[in-house]
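Visitor: Please show me the sequence and the structure. Then I will ask how each term is justified.

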Amino acid sequence: MPVQVRIPAPLRKLTNDQEIVETTGANIGDVLNALNAAHPGLIERICDEQGNVRRFVNIFVNDEDIRFQQEKATPVKDGDEISIVPAIAGG
Amino acid sequence: MSEHQTFFSNLKCRECGSLYPKEAIHICEFDFGPLEAAYDYDLIAKHINRKVIESRPQTMWRYRELLPIDGNPTVGEQVGFTPLVRADRLAKHLGVDELYIKNDTVNYPTLSFKDRVVSVALSRAKELGFKIVACASTGNLANSVAANAAAAGLTSYVLIPANLEKSKIVGSLVYGTQVIGIEGAYDQVNRLCSEIAGKYGWGFVNVNLRPYYAEGSKSMGFEIAEQLGWKLPKHTVIPMASGSLLTKIHKAYKEFIRVGILDEQSFSVHGAQASGCSPISEAHKKHSDIVKPVPNPNTIVKSLAIGTPADGYYAIRSMTETGGSAEDCTDEEVIRGIRDLAEYAGIFSETAGGVTVACARKLIDTGKIPRNESIVLCITGHGLKTQEAIHGHVGEPRIINPSLREFEALIANDAAVLESGHKS
C-alpha cells in the first residue's frame, strides 16, 4: 500500500534531498525496511542495534506518535502520512 | 585559576558517545541524541579542592573548572552563590528534622536560577562570536537572557507563549530586548525556535547553545554541597519542566565525588511537577522511561508547563539511579505551598516553588522521604514574577482612616493582640 514518509532535513542526504518519499508496507516496521532498501543506511539512523526506534527519534502516523500505539507494529493504510521527526531540545 | 586553561575538551553524544567539536551544535548527527560537555576530570582534580574554591569570590564561577567555557566568564560574573537557608519553622510544619531552602529567588540579576544557565550560555556565545542571542522561554529564561544580553551589549530576541504572566513579560521588555509572543503553548514556541535556529545564525541559548547552557544548572548543586559544609543532603527536591535542572544537580553531586571534593555518599534526587503538566512524574510513577507528551498543559505553574520535556528520560534515570521519587500537585496545593514557604520561612516564591514545597510534603507524608533525614528544597524563582497566580488567595489589606480610634477598633479582636494582653 503506498504511503508517504516525511524525511527530516538531517536524513535527506540519504534520500537524494527528497523531503517526501513514497514507499509501501503494512506496518511501520515494513515501511522502514522498504525505505532502507531504497535508501541504504537510513534504518541505522532511525533504529538502534536491537531494532528499536531510537530514543530521540519520533515517528508519527497521521500525527499520532507510534510509541503510544503499537511501536513498529503500528499498522499503516493506503494514503497514511508518516513523519520521522528528531526530538526537539529546549526548556 | 589558570587564566586561559580549558578543562572541557569536546561535546559528546549522551546516547552513542560520539565526540564533536565545541561549536554551537546540540544534537548528534548520527542518532539525534543530545550533546553534552565532556571534561577532563583527572586534570580538574589536580586544579581544584575545597580550599581553592573557598578562596574565590562567592559566585557560581568559583566552580569554573567544571563549567564549559574556554576563557574567563564575560557575562554574569556576579551570578549565583545564593543563600542556603536552614528553615526550622517550615521543617516543624512539615514534620521533619532538618530542612534547607536553596533560595534562588534572590539570584542575580533576574531573581531566578536561569541566571546561572544564561551566564554560561552567553559567555560561551561571546567566545563563539555570536552578536545576536535568543531563547524559547516560559518567562524566567527570557528575563535572564534580556538582562544579561543588555549588560553584555548583545542583541537579543526572546520568544515566549503570548499568555505569560504580565510581570514576566514586562520583566523582559524593560531591558530593550525584542519580545516575540507566540500564540501557542511553550512546545510550539520551542519548535519554532529550533526552525529559526536552523535558518539564522543566532545563538539560541536553549537550542544550539544548550550543551553549554544546561551545564550552568550544576552550579546550584555545587553550592548546595559547599554550603552544607562539604556534604550532600540525603534528599534534594527539584522542580521539573524540561527535567534539565534535576539531571544537572545529580551530575554536580557526582562530579564533586569524581574529582575528590566529596567522599562517596548516598543521596536521592526527587522531581516535582504540577498535575496539569506532569509527563515526567506520570512516567516515573508508572515505572516507565517513556515520557508521554502533554499536548495542552493546564496549570497556573506556567514556568513548568513543558508538555514535551527534552530531558524527561534522563530525569527519570537520575531519580531511579538515586532511589528518588517523582510527585505532582494540584494548583490549590501549589498556592498552599507558596503560602507555607512565605509564612514559615519568609521566602516568597513563584509558582514553581509552590510545586516543590507541595510535592516535598507528599513525599514526606508517604514516607518516600524519611522525616529524620536532611532535605534541601530547590526554590528557583521569585514570587513577584507570578503575583497574579496567587491574587485573591492571600487576603486583602484592611483599610481605615488615619485615626487611632479606628485602628484600635480594627485590631481589638486580633489574636496577637488578645494573646499579648495589651490594654490601651
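**Terms put to the test**

Guide: In helix 14 of chain B, the buried residues are B:Thr351, B:Ala352, B:Gly353, B:Gly354, B:Val355, B:Thr356, B:Val357, B:Ala358, B:Cys359, B:Ala360, B:Arg361 and B:Leu363. This is a predicted model: local features need pLDDT of at least 70, side-chain atom pairs count only at pLDDT 80 or more, and totals for chains, interfaces and linings use all residues. Residues are numbered from 1 along each chain as its sequence is written, and chains are lettered from A in the order in which they are written.

Visitor: What makes a residue buried?

Guide: It needs 20 or more other C-beta atoms within 10 Å of its own; exposed means 12 or fewer, partly exposed in between, with C-beta atoms placed from the backbone. Twelve of the 15 residues of helix 14 of chain B pass, so this helix is mostly covered.

Visitor: Why does the span of helix 14 of chain B agree with what is expected?

Guide: Helices are DSSP runs of H or I, at least four residues, and strands are E runs of at least two, numbered from the N terminus. The expected span is 1.5 Å times one less than the number of residues. For residues 351–365 of chain B that gives 21 Å, and the end C-alpha atoms are 21 Å apart, so the two agree.

Visitor: How many helices and strands does chain B have, and why is the chain called as compact as a globular protein of its length?

Guide: Chain B has 17 helices and 13 strands. Its radius of gyration is 22 Å, close to the 22 Å that the globule rule gives for 424 residues, so the description holds. The radius is taken over C-alpha atoms; the rule is 2.2 Å times the number of residues to the power 0.38.
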